[in-house]
Amino acid sequence: MAKRRANGEGNIRKRKDGRWEGRYTAGHDPETGKTIYKNVLGRTQAEVKEKLKKAIEKGSALDPSKAGQYTVGQWLDTWLEDYAKLSIRPSSHNTYRGFIENHIKPAVGNIPLEKLTSMDLQRLYKKLLESGRVDRIEARNKPKGLSVKTVRNINQMISSACNCAVEQRIIATNPTKGCALPKLEKKEMKILPLDFLDTFFEEAKRSGVFELYYIDLSTGLRRGELLGLKWGDIDLNKGIIRVQRQILRQNGAVVEAPLKTKNSYRNIAIGTDAIELFRQMKLQSTSEYVFPSPTGGPISPDSVLHMLQRVLKRAGLEKIPFHALRHTFSVLALQNGVDIKTLSSMLGHYSAGFTLDTYAHVTTAMQTKAANTVSNFLSCAIQ
């Protein structure tokens, strides 16, 4: 009976074409029991000997029944459906699927997973930054390249999939670890001009949307959270809003969805003016939603953004994203003495440090003002 070669054993020979070949056993097929052979090539015996040593060391950490079974595209499909889908939101699943189909598969999808290199990914990211945007009607007037943030998100997704492959002993290392990513440029934070809040509110009242924008400016809710509010979430006696869900658009439909993170589930205290406004709105409401569509269901996130732009234009103000209302709330809160930890919990941030970093420009100005106040006091004391 022939001797069964042990995993990791190898031999070296010189081929007819003059090159040297190192051949080693990488394991045995779990179904047939047949030996799985792999090889390395080189110009000299010493080169192949070194390559063979590294290949055997690398192969010993892999599962021979799984390694070599996937292309990049096949593994990303498997990872997304069998692993990631269990822990991510439906909207994130759709986003990842778009990344895979539109950007990754066309470029590196057919490369064997174990042969994917950092250089392959570096070339992919460069191409996406230069000309990666999918040709759609709504994207015709936008830059041809993807944003830095999107490219970094694609790298993060590939990294998660490769980490899973390492854990499953399909590949030995994660190729994303050698990539140089484009830096995120911090955009200037936009808010409603505080000196023109009265102008904005006057136009919002004329347009019939005052309540929606006033509540958002007085609570700092994200757009989806605001639209997801139901009357059952609001305790008018205690003056508390329970943030429980969000409204977003998925596959063309406006739907309810879980919140972004566990910190997003929170209770927010509301002021007396907001409580009185809610009371008046509830008397006229026929929907379970606080801000319903004309049919009584959830309102589209797009429509409130478009209305915001119309109100701003009529009021003679610069266009700002809807999220700028949340920033405006935060700046007003900080300027009026709300501490960072309290603001962080109201916003649903994962840490006060993140809030502090986000609004560093506001807190720096406040610290300067405080320092000058103390300095003036001390100056008076020594005169």
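Trainee: How much accessible surface does the protein have, and what share of that surface belongs to carbon and sulfur atoms?
Mentor: The model is a predicted one. The accessible surface of the protein comes to about 22,800 Å². The share that belongs to carbon and sulfur atoms is 51%.

Trainee: What is the radius of gyration of the protein, set beside that of a compact globule of 383 residues?
Mentor: Along its principal axes, the C-alpha trace spans about 90 × 70 × 40 Å. A compact globule of 383 residues would have a radius of gyration near 21 Å. For the protein the value is 29 Å.

Trainee: How many helices and strands are there, and what percentage of the residues is buried?
Mentor: The secondary structure comes to 14 helices and 8 strands. A residue counts as buried under 20% relative accessible area. Of the 383 residues, the buried ones make up 39%.

Trainee: Among contacts with a separation of 6 or more, what percentage joins residues 24 or more positions apart?
Mentor: Contact means heavy atoms within 4.5 Å. Among contacts with a separation of 6 or more, the part from residues 24 or more positions apart is 58%.

Trainee: How far apart are the centres of the positive and negative side chains?
Mentor: There are 60 positive side chains and 38 negative ones. Each set has its own centre, and the distance between the two centres is 7 Å.

Trainee: Is Asn 174 buried or exposed?
Mentor: Asn 174 sits in the loop between helix H5 (148–167) and helix H6 (197–206). Its relative accessibility is 6%. The cut-off for buried is under 20%, so Asn 174 counts as buried.

Trainee: Which side chains make polar contacts with the side chain of Asn 174?
Mentor: One polar contact, of 2.9 Å, goes to the side chain of Asn 163. Asn 163 is also in the list of residues in contact with Asn 174 beyond four places in sequence, together with Ser 159, Cys 162 and Val 166. Another polar contact, of 2.7 Å, joins Asn 174 to the side chain of Thr 176. The names asked for are Asn 163 and Thr 176.

Trainee: Which residues does Asn 155 contact, leaving aside neighbours within four places in sequence?
Mentor: Asn 155 is found in helix H5. At 7% relative accessibility, Asn 155 counts as buried. With its neighbours within four places left aside, its contacts are Tyr 125, Thr 176, Cys 179 and Leu 181.

Trainee: Where is Thr 219, and which backbone nitrogen does its side chain reach?
Mentor: Thr 219 is in helix H7, which covers residues 210–219. Its relative accessibility is 0%, so Thr 219 counts as buried. Not counting residues up to four places away, Thr 219 touches Ile 241, Ile 268, Ile 270 and Phe 329. At 3.4 Å, its side chain reaches the backbone nitrogen of Leu 221.

Trainee: How far apart in space are Thr 219 and Lys 53?
Mentor: In sequence, Thr 219 and Lys 53 are 166 residues apart. In space, C-alpha to C-alpha, the distance is 63 Å.

Trainee: How far apart in space are Ser 330 and Thr 358?
Mentor: Ser 330 is found in helix H11 (residues 323–335), and at 0% relative accessibility Ser 330 counts as buried. Beyond four places in sequence, Ser 330 touches Leu 343, Leu 347 and Tyr 359. Thr 358 is 28 residues from Ser 330 in sequence. The C-alpha to C-alpha distance between Ser 330 and Thr 358 is 10.0 Å.

Definitions and conventions. Residues are numbered from 1 along each chain as its sequence is written. This is a predicted model: local features need pLDDT of at least 70, side-chain atom pairs count only at pLDDT 80 or more; totals for chains, interfaces and linings use all residues. Side-chain values use heavy atoms; hydrogens and water are left out. Helices (H or I, at least four residues) and strands (E, at least two) are DSSP runs, numbered from the N terminus. Buried means under 20% relative accessible area, exposed over 50%, partly exposed in between (1.4 Å probe, protein chains only). A polar contact is a pair of N or O atoms within 3.5 Å; within protein, one must be able to donate a hydrogen and the other to accept it, and residues adjacent in sequence count only if both atoms are side-chain atoms. The radius of gyration is taken over C-alpha atoms; the globule rule is 2.2 Å times the number of residues to the power 0.38. Accessible areas come from the Shrake-Rupley method with a 1.4 Å probe; for residues, only the protein chains shown count as cover. Lys and Arg count as positive and Asp and Glu as negative; His and the chain ends are not counted. The place of a charge is taken as NZ of Lys, CZ of Arg, CG of Asp or CD of Glu.
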